[in-house]
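Got your viewer open? Here is a short tour, one selection at a time.

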Amino acid sequence: MLDFFTIFSKGGLVLWCFQGVSDSCTGPVNALIRSVLLQERGGNNSFNHEALTLKYKLDNQFELVFVVGFQKILTLTYVDKLIDDVHRLFRDKYRTEIQQHNALSLLNGTFDFHNDFMRLLREAEESSKIRAPTAMKKFEDSEKAKKTVKSMIEFRGEKPKEKAKSNKKNKGAKKEGPEATSPASKGAPIGKPDLPVSPGDGVELSKEELMRKKREEFMQKHGRGADKSSKSSKSDAPKEKGKKAPRVWGLSGRANEVLDYSPPTTNGTPETTLQEDINLIRGTQAGGQLQDLDCSSSDDEGITQNSAKPSATKGALGGMFGMLKGLVGSKSLSREDMESVLDKMRDHLIAKNVAADIALQLCESVANKLEGKVMGTFSTVTSTVKQALQESLVQILQPQRRVDMLRDIMDAQRRQRPYVVTFCGVNGVGKSTNLAKISFWLLENNFSVLIAACDTFRAGAVEQLRTHTRRLSALHPPENHGGRTMVHLFEKGYGKDAAGIAMEAISFARNQAFDVVLVDTAGRMQDNAPLMTALAKLIAVNTPDLVLFVGEALVGNEAVDQLVKFNKALADHSMAQTPRLIDGIVLTKFDTIDDKVGAAISMTYITSKPIVFVGTGQTYSDLRSLNAKAVVAALMKA
């Protein structure tokens with residue numbers, strides 16, 4: 001039983017809708033648009049929303065979306081067939097109205113599709129009933145039931161030998177087969193010579209066969225030396241093959257070892273390797289504003305000019321054929337056209353440190369987005385797929401919710417309470433160091449900071465934060481802020497309950513009028529259940545305003561595993577009805593990866609959470625906000 005089936009354009013106009021069990025399809029469809037279609041996550045054509053499962057199909061040629069919804073607990077095998085049949089019939093029936101690409105024509109058009117849909121629904125349901133699962137085979141119908149007890153008894157020393165003999169005979173027959181066809185090619189006789197068969201044996205041989213048999217018999221008896229000489233001559237024969245001198249062409253009169261000096265091309269365009277790195281600007285701007293990550297494009301023109309010079313040496317005829325070969329014309333794209341390009345794109349993303357599963361889903365989403373789309377006259381498949389992939393990556397790096405800490409801190413000030421941020425992550429990713437960087441950024445924006453030392457497990461964790469606090473106090477002494485203490489460390493030593501220390505720190509910050517509380521937690525692996533339970537308790541008890549996951553930019557597939565298991569552990573071990581999960585990501589060690597920036601894509605894709613800060617160095621000012629276009633440009637470079 002279907003809940004609903006709706007057809008709408010990518011512009012948002014609902015063309016036709018079928019209401020089944022559910023009263024309204026607005027909520028699930030809007031969730032599908034926000035979470036999948038706008039976020040470029042259409043890799044598997046399925047989406048779960050609360051108790052519903054939504055399956056959808058995109059028609060890129062006519063800019064239509066077909067969505068069907070049903071209960072998650074149901075297993076409806078005919079849904080895929082139904083959505084394909086509805087898509088085919090609706091497109092063919094209303095082709096004229098849809099091809100006008102005019103919103104007014106779509107609004108004025110009448111799409112009476114109810115009777116056709118009900119007919120297709122009945123046919124799909126009947127086809128699923130016809131293909132009912134076959135009954136399980138009984139033991140009486142099996143081959144084992146037909147065997148008698150006597151046939152399954154094995155006598156010691158008899159049947160294994162017979163099997164071994166039969167196996168040996170079979171192997172010998174296989175070996176003798178090819179050798180019997182050309183016995184003269186071997187140097188020594190294999191066995192007894194084949195004797196000519198007399199007519200009395202029941203088999204008559206022709207004269208040629210008798211002569212061949214006699215010749216083989218004679219060669220085996222007297223011609224061993226001749227065989228050796230012939231064998232040696234055959235072994236020397238391949239050495240005489242091959243050219244000692246290069247070929248001289250008749251028309252040119254000169255030797256050409258390499259005839260084509262043009263660079264390799266793909267779809268008519270030369271393949272050039274652009275070796276450009278991300279240039280990260282050091283230092284923050286005045287006023288404590290974070291600079292964006294940026295990549296330099298000053299060498300792009302020079303590289304493209306140099307790469308265009310070799311292609312100019314190609315002949316006019318070859319260049320024209322190469323260009324026409326890569327053109328798609330006005331035909332619609334199919335998966336076969338994009339398959340080779342998407343395979344190269346997937347391998348390129350994996351080489352840039354994108355998780356393998358994420359790279360596969362991205363390419364599948366791009367294929368669904370472009371399948372059936374009509375190409376321009378001078379557009380190539382490679383350029384079209386690359387542009388669509390770039391747009392998808394930029395959209396992924398700009399999630400739905402954007403974290404603006406400064407705005408939220410000022411809102412908390414008006415409510416006269418501190419703004420609480422909790423840092424979590426695995427061991428050794430730089431939580432304490434980046435906490436100090438964020439403290440420096442907040443101090444530059446004239447906010448007072450209280451650092452809560454809740455890492456009571458690692459040796460030296462409290463001393464490390466004490467050193468950072470002392471250095472930050474030297475950079476922002478109370479004298480420069482009217483005698484107000486701008487940064488303070490709240491610590492209770494080692495071996496204490498981290499959740500209790502965080503609660504006391506928040507109460508202390510409220511009494512002392514601190515603007516921000518930064519809670520440092522101990523590093524823990526995502527598979528450690530007791531430590532993940534303690535982290536979930538800390539977050540559930542203190543309800544921070546922001547939970548930041550600190551991850552390295554060096555990891556690939558491990559980033560996906562860490563984020564998935566951290567979110568799952570927080571949800572499983574939380575005592576609240578609506579558990580608190582990760583709100584944002586801090587990406588550290590970004591200065592060590594060159595242009596392999598795939599971890600940013602993997603982390604954002606798997607959680608739909610924004611990357612709030614990017615650590616780019618060892619000093620307090622080496623903190624940036626993410627520039628999605630710069631990261632994608634570095635990711636797509638060869």
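Start with the whole chain: of its 638 residues, 39% count as buried. Keep in mind that this is a predicted model. Switch to a cartoon and you get 22 helices and 15 strands. If you like contact maps, take the contacts with a separation of 6 or more: 73% of them join residues 24 or more positions apart. Turn on the surface next; the chain exposes about 36500 Å², with carbon and sulfur atoms supplying 53% of that.

Now select the strands β1 to β5. They make an open, antiparallel sheet, and the order across it is β2-β1-β5-β4-β3. Colour 14–19 (β2) and 46–49 (β3): these are the edge strands, each with a single partner, so each has one side without a neighbour in the sheet. On average, neighbouring strands here are turned by 15° against each other, direction ignored.

Zoom in on β3 and residues 52–59, which are β4: the two pair antiparallel over four bridges. Show Ser46 and you'll find Lys55 of β4 opposite.

Next, add residues 26–37. This is helix α1, packed on the sheet and touching β1, β3, β4 and β5, with its direction at about 60° to that of β4. Then add residues 79–93, helix α2, which also packs on the sheet. Helix α2 touches β1, β2, β4 and β5, and its direction makes about 35° with that of β4.

Last stop: cysteines. Which of buried or exposed fits Cys424? Buried, at a relative accessible area of 1%. Cys454 is buried as well, at 3%. Don't hunt for disulfides, though: the structure holds zero.

Definitions and conventions
Residues numbered from 1 in each chain as written. Predicted model: local features only at pLDDT ≥ 70, side-chain atom pairs only at ≥ 80, totals over all residues. Heavy atoms only, no water. Buried < 20%, exposed > 50% of the residue type's maximum accessible area, 1.4 Å probe, protein only. Contact = heavy atoms within 4.5 Å. Areas by Shrake-Rupley, 256 points an atom, 1.4 Å probe, with all protein chains shown as cover. Disulfide = S-S within 2.5 Å. Pairing = 2+ DSSP bridges. Axes fitted to C-alpha atoms, helices over the stretch in contact; angles between N-to-C directions.
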